[in-house]
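Please open the structure in your viewer and keep the selection tool at hand. The tour goes from stop to stop, saying what to select and what is there.

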Amino acid sequence: MRGPWLTSVFGAVLLACLPLVIITGLLDYVAYGPGQGIPGAVGLLHLPGFDWPTRPSWLFRLTQGLHVGLGLLLVPVVLAKLWSVIPKLFAWPPVKSLAQILERVSLLLLVGSILFEIATGLLNIQYDYVFGFSFYTGHYIGAWVFIASFVAHVSLKLPTMVRALRSRSLRKELATPLAETVPEPPDQFGLVAPEPAAPTVSRRGALGLVGGGVLLVGVLTAGQTIGGPLRDAAVLLPRGRQPGEGANRYPINRTAVAARVTQPGEEWRLALNGSREFSRADLLALPQHTARLPIACVEGWSTVQTWTGVRLRDLAAMAGVPGPASAFVDSADPGPFGRAMLTGDQATDPDALLALRVNGAELSLDHGFPARVIVPALPGVHCTKWVRSIEFRRA
Ligand SMILES: Nc1nc2c(c(=O)[nH]1)N[C@H]1C(S)=C(S)[C@@H](COP(=O)(O)O)O[C@H]1N2
Ligand SMILES: [Mo]
């Protein structure tokens, strides 16, 4: 089965799709906001970044959905392509010439980095950080290793790929049954076996198997963005499978128990710029605004709900900073996502809320009672729950 044509078909699919995974991944990096310190120390690899916009409100839902969703869909294709070049990966003797050493090192970086990205990405959406390093820093540095070796690999192999694709017709291959399947002609790269055994699968069968794998991954993934009953089928993204109850029935990223947050009583107050305090009743007595906005988590799930609460910009005005340059939100959660920094535009968007209610009911404790931030197009991680204080800053 192995040969330049088959390898090139997998290669062409990856060449068409991986740039989208790369670009949406880098956009997610910008959305997370280098100002938040995520990822941490990456030295020269830091991108300049720009202020993440608040419109369209589904922007982050789209970029992270594409990054995680497409990334998962491509896993069977990556594995198939690795299988198709196995003779090259284990070539012997390992060192023949300087050019060959360079080629093998570049392949090691290419294969190593994509497997690293797949492994860290998958673990991040499955488990609570099992790495000994920060997922964000590791996945980000791994991405740059992959981008560099991917660009090098494509520039070296593109002519070979085009030639190989032209050597056979896809339509004809898809019409060829097992009985008529013969090896590709011997090639200079040594992909075609010199003495091949009789085929046990046709080329269309091999492509169908990989395509079926992609489809299966799709079924096990799509529910986390589409929602509804499909959400329960999304076993590859279990982090979005803790739904609440009633009006609060949508995924919970981190429960109150996990964050060690307990139900606050009447004594709860929101502190604004350290100078003003509001009880929940005070907040409910202020003008309320309702907006239908998504929560989209970098771990691969998203949902759209109807939120009601006080506009952040109204709070900014009450704090005496009507046009803030930024807003620092702190919460009762001591964990890593217990605080966030919003840009001025994010804090003053007309739909940016300190939400008190969702879908017409009180926020549940798991979803941030007594109050949580919700801002259009912002990654879920910046929509802080269990808010305790907001500081609107002039700079
Ligand atoms: N205080 C606090 N707020 C938080 C988090 C957290 O861990 N602590 N997680 C964030 C993340 S990563 C997401 S995706 C959203 C999810 O909101 P939900 O659990 O209400 O769906 O909450 C955000 N707000
Ligand atoms: Mo998240």
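The stops below start with the whole chain and then move to single residues and pairs.

**Whole chain**

Keep in mind throughout that this is a predicted model. Begin with the protein chain shown as a cartoon, where 12 helices and 10 strands can be found. Its C-alpha trace spans about 80 × 45 × 35 Å along the principal axes. Of the 395 residues in the chain, 47% are buried. Take the contacts between residues at least 6 apart in sequence: 69% of them join residues at least 24 apart.

Now switch on the surface. The accessible surface amounts to about 18,900 Å², and carbon and sulfur atoms account for 65% of it. If you colour by charge, there are 34 positive and 26 negative charges, and their mean positions lie 7 Å apart.

**Nonpolar patch**

Select Leu-45, Val-95, Leu-98, Ile-101, Leu-102, Val-105, Leu-109, Ile-141 and Val-145, which together make a nonpolar surface patch of about 750 Å². Helix H5 (98-126) and helix H6 (135-166) are the elements that give two or more residues to this patch. Which element gives the most to the patch? That is H5, with five residues.

From the patch, pick out Val-95. This residue sits in the loop between helix H4 (86-89) and H5. Val-95 counts as exposed because its relative accessibility is 52%, and the cut-off for exposed is over 50%.

**Between H5 and H6**

Stay with these two helices and select Glu-103 and Lys-157. The two form a salt bridge, with 3.6 Å between the closest N and O atoms. Glu-103 is in helix H5 and Lys-157 in helix H6, so the pair, 54 residues apart, links distant parts of the chain. Glu-103 is partly exposed, at a relative accessible area of 27%. Lys-157 is also partly exposed, at 26%.

**Loop between H1 and H2**

Go next to the loop between helix H1 (4-32) and helix H2 (59-73), and select Ser-57 there. Is Ser-57 buried or exposed? It counts as buried, because its relative accessibility is 18% and buried means under 20%. Show its neighbours: leaving out residues up to four places away in sequence, Ser-57 touches Leu-293, Pro-294, Pro-376 and Ala-377.

In this loop, Pro-56 is the next residue to select. The peptide bond that joins Arg-55 and Pro-56 is cis, with omega at about -10 degrees.

**A second cis peptide bond**

Move to Pro-370, in the loop between strand S8 (361-362) and strand S9 (372-374). Here the bond from Phe-369 to Pro-370 is cis, and omega is near 10 degrees.

**Positive phi values**

Select Arg-260, in the loop between helix H9 (223-226) and strand S1 (270-272). This residue is not glycine, yet its phi is positive, near 55 degrees. Arg-260 is exposed, with a relative accessible area of 74%.

Continue to Asn-273, in the loop between S1 and strand S2 (276-278). Its phi is near 50 degrees, again a positive value in a residue other than glycine. Asn-273 is partly exposed, at a relative accessible area of 24%.

**More salt bridges**

Side chains of opposite charge can pair when their charged atoms come close. How many salt bridges does the structure hold? There are 11.

Select Asp-333 and Arg-254, whose side chains meet in a salt bridge at 3.5 Å, N to O. This pair links distant parts of the chain, 79 residues apart: Asp-333 is in the loop between strand S5 (326-331) and strand S6 (339-343), and Arg-254 is in the loop between H9 and S1. Asp-333 is buried, with a relative accessible area of 4%, whereas Arg-254 is partly exposed at 24%.

Then select Arg-393 and Glu-391, where the salt bridge is 3.1 Å from N to O. Arg-393 is partly exposed at 27% relative accessible area. Glu-391 counts as partly exposed too, at 34%.

For the last stop, select Arg-55, Asp-349 and Asp-351, which are joined into one network by salt bridges that share partners. Arg-55 has already come up on this tour, as the residue before the cis bond to Pro-56.

Key. Residues numbered from 1 in each chain as written. Chains lettered and ligands numbered in written order. Predicted model: local features only at pLDDT ≥ 70, side-chain atom pairs only at ≥ 80, totals over all residues. Heavy atoms only, no water. Helix = DSSP H or I, 4+ residues; strand = E, 2+ residues; numbered from the N terminus. Buried < 20%, exposed > 50% of the residue type's maximum accessible area, 1.4 Å probe, protein only. Contact = heavy atoms within 4.5 Å. Areas by Shrake-Rupley, 256 points an atom, 1.4 Å probe, with all protein chains shown as cover. Lys, Arg positive; Asp, Glu negative; His and termini not counted. Charge placed at Lys NZ, Arg CZ, Asp CG, Glu CD. Patch = residues over 30% accessible without salt bridge, like charges linked within 9 Å, V, L, I, M, F, W, Y side chains within 5 Å. Salt bridge = Lys/Arg side-chain N within 4 Å of Asp/Glu carboxyl O.
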